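I opened a fresh page for this chain today. Here is what I looked up, entry by entry.

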Amino acid sequence: MSFVITTPLYYVNDKPHLGSIYTTLICDSIARYKRLSGEDVIFITGVDEHGLKIQRTASNKGMDPQSHCDKISNIFKQNWKDWDITYNKFVRTSSQKHESIVNEFYKRVKKSDDIYMGVQKGWYCVGCEEFKDNPDNSPTFKCPIHKKNLEWKNEENLFFRLSKYQSNIEDLINKPSFIQPKERRNEIINFVAKGLKDFSISRTNVSWGISVPDMKNHTFYVWFDALLGYVSAISLNMDEPSLEESIDNGWPADIHLIGKDILRFHAVYWPAMLLSAGMEVPKKIFGHGFLTREGQKMGKSLGNVLDPNLLLSKYGKEAVKWYLLKDISLGNDGDFQDKRFVDIINNDLANTIGNLLNRTSSMSRKWFENQVPNIEESNNDNILELYSKETVENFINHFNTYELDLAAKVLLNLAINTNLYLNEKQPWTLIKDKSNISLVSNIIYNVLESIRIIGLLLLPLLPDLSSKIDLQLGALYDKNKSWKNQLEWGILKSKSILPVPSPIIEKLEYE
Ligand code: MSP
């Protein structure tokens with residue numbers, strides 16, 4: 001059994017923005033955590049390439065849609081490399097293999113008698129690729145997300161009988177585990193309670209899409225096509241991908257991690273489509289919040305878009321990642337503030353963790369011949385051992401419930417408590433009296449061991465920083481052995497050599 005996790009499939013109208021980086025970084029940490037916990041992971045990401053929005057973007061640039069998609073999709077892949085994203089599958093919805101899965105799926109849904117021809121009239125947001133409520137039918141009504149005028153559509157489309165699945169969807173969303181966080185679940189419960197309406201799954205005015213079999217001029221609605229990317233991704237590497245292959249090799253997904261704006265598609269439309277095709281529904285939909293900058297929505301017109309590549313080159317991926325993962329609670333909206341960012345990185349990573357390691361290692365090298373000291377028998381009642389056990393337990397519990405910010409915070413708390421312990425014990429005073437040597441040995445050992453555990457806990461979050469810490473303690477982590485077992489207290493070897501310390505993270509300057 002594989003653990004299947006997905007990011008949304010990103011529109012290729014532009015290169016990745018901080019929002020897409022955010023979702024992908026979170027998925028990456030969860031995927032790393034699951035692998036470290038011994039699970040076989042299929043981490044799916046990719047791009048959503050069809051539809052009116054992409055067709056128009058390409059045409060505005062004077063490019064044919066496929067070349068435009070090739071270009072942006074390569075940029076996405078390069079970005080994921082730069083951010084060290086450990087995805088297993090990258091799906092492109094313009095690929096032939098994906099198309100064959102969409103056709104196969106459509107056949108199943110048709111067989112269930114869930115497709116009929118109808119007339120679709122309504123106000124459409126091309127940015128969302130979604131029909132919107134326009135209460136007063138006003139032509140100047142703007143999409144609340146994109147702040148752009150809606151377009152009136154009136155055309156013959158194929159419809160999917162969503163209404164048939166009203167009670168199935170009610171049962172599903174009433175399960176507390178299906179939609180997280182719970183505030184989002186309530187939104188969906190209220191939406192479904194109003195009664196589900198059938199929705200159109202084909203377009204006659206969009207050429208850049210997958211043609212509906214035997215239906216001249218009809219292409220599949222981009223969402224009908226794109227959601228299936230999660231399924232096709234699984235059998236993508238096979239010569240003849242099929243729904244069966246995807247089902248046998250991992251479907252259903254364990255978690256779709258998405259932004260709150262596309263929750264309805266994932267928690268309502270998608271499960272109904274799957275039920276119609278006789279397939280299992282995903283186990284969980286997690287709708288995360290939106291990122292703002294210095295309290296304001298980011299947007300091109302506001303000129304305040306944060307370029308993730310600039311952040312990456314200026315501060316490095318792990319600093320950005322720590323801020324996004326630790327400072328923002330996954331379900332809530334989060335704000336990117338430059339000053340706060342610099343303060344957090346300097347306090348948490350450079351001071352609390354980095355300095356602790358540096359100064360303890362220096363003391364140990366100075367007093368114990370460049371080595372980790374011996375543990376003396378009197379090292380019982382060790383408060384750090386207790387803290388660390390508690391921290392590991394809480395860290396794992398938080399990760400299992402996708403509370404990554406809380407996992408990061410308990411890890412940081414162990415570092416804060418270890419600093420307090422060191423400052424309280426004052427080994428630099430004790431060492432002045434030779435008779436205290438075994439006491440000092442124990443104190444230094446305990447602090448170093450606590451840092452080793454902090455470093456290991458960082459592995460799913462900040463893998464580079466984690467391995468830097470490990471190297472400074474003499475490269476103890478064995479990736480061929482269980483990560484969880486190595487989180488136990490007491491693995492640091494007495495008398496092992498400690499390398500010359502060097503800063504594990506540079507302090508940042510606020511400009
Ligand atoms: N193509 C669809 C998804 C199809 S999934 C089968 C799509 N793509 S998107 O590129 O527009 O959005 C991708 C994700 O980025 C969404 O989850 C959206 O919520 C998220 N974000 C867009 N702006 C964001 C922020 N400012 N902050 C956080 N996430 C944001 O929708």
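**Burial and surface.** I began with burial: of the 511 residues in the chain, 56% are buried. I was working from a predicted model, so every value here is computed from that model. For the surface I noted an exposed area of about 22,400 Å², with carbon and sulfur atoms supplying 48% of it.

**Overall build.** Next I took the dimensions, and the C-alpha trace spans about 90 × 50 × 40 Å along its principal axes. I then went through the secondary structure and found 18 helices and 16 strands. I also checked how far contacts reach along the sequence: among those between residues at least 6 apart, 77% join residues at least 24 apart.

**Charges.** How many positive and negative side chains does the chain have? I found 62 positive and 64 negative, and the centres of the two sets lie 3 Å apart.

**A helix pair.** I turned to helix H14, residues 383-400, and helix H17, residues 437-457. Their axes are 10 Å apart and the packing angle is about 5°. Angles under 35 degrees count as roughly parallel, so I wrote down H14 as roughly parallel to H17. For the contacts, I listed Leu-384, Ser-388, Thr-391, Val-392 and Phe-395 on the H14 side. They meet Asn-446, Val-447, Ser-450, Ile-453 and Leu-457 of H17.

**Cis peptide bonds.** Where does a cis peptide bond with omega of about -10° sit? I found that one between Gln-180 and Pro-181. Pro-181 belongs to the loop that runs between strand S8 (179-180) and helix H6 (182-193). I noted another cis peptide bond between Trp-251 and Pro-252, with omega about 10°. Pro-252 is in the loop between helix H9 (243-248) and strand S12 (255-259).

**Positive phi.** I looked at Asn-137 next, since its phi is near 55°, a positive value in a residue other than glycine. I placed Asn-137 in the loop between strand S6 (130-132) and strand S7 (151-160). Is Asn-137 buried, exposed or partly exposed? With a relative accessible area of 49%, Asn-137 is partly exposed, as the exposed class takes values over 50%.

My last stop was Gln-426, which is not a glycine but has a positive phi of about 45°. I found Gln-426 in the loop between helix H15 (404-425) and helix H16 (427-430). Gln-426 has 34% relative accessibility, so I entered it as partly exposed.

Conventions
Residues are numbered from 1 along each chain as its sequence is written. This is a predicted model: local features need pLDDT of at least 70, side-chain atom pairs count only at pLDDT 80 or more; totals for chains, interfaces and linings use all residues. Side-chain values use heavy atoms; hydrogens and water are left out. Helices (H or I, at least four residues) and strands (E, at least two) are DSSP runs, numbered from the N terminus. Buried means under 20% relative accessible area, exposed over 50%, partly exposed in between (1.4 Å probe, protein chains only). Contact means heavy atoms within 4.5 Å. Accessible areas come from the Shrake-Rupley method with a 1.4 Å probe; for residues, only the protein chains shown count as cover. Lys and Arg count as positive and Asp and Glu as negative; His and the chain ends are not counted. The place of a charge is taken as NZ of Lys, CZ of Arg, CG of Asp or CD of Glu. Axes are lines fitted to C-alpha atoms, for helices over the stretch in contact, and angles run from 0 to 180 degrees between N-to-C directions. Angles under 35 degrees count as roughly parallel, over 145 as roughly antiparallel, 65 to 115 as roughly perpendicular and the rest as oblique.
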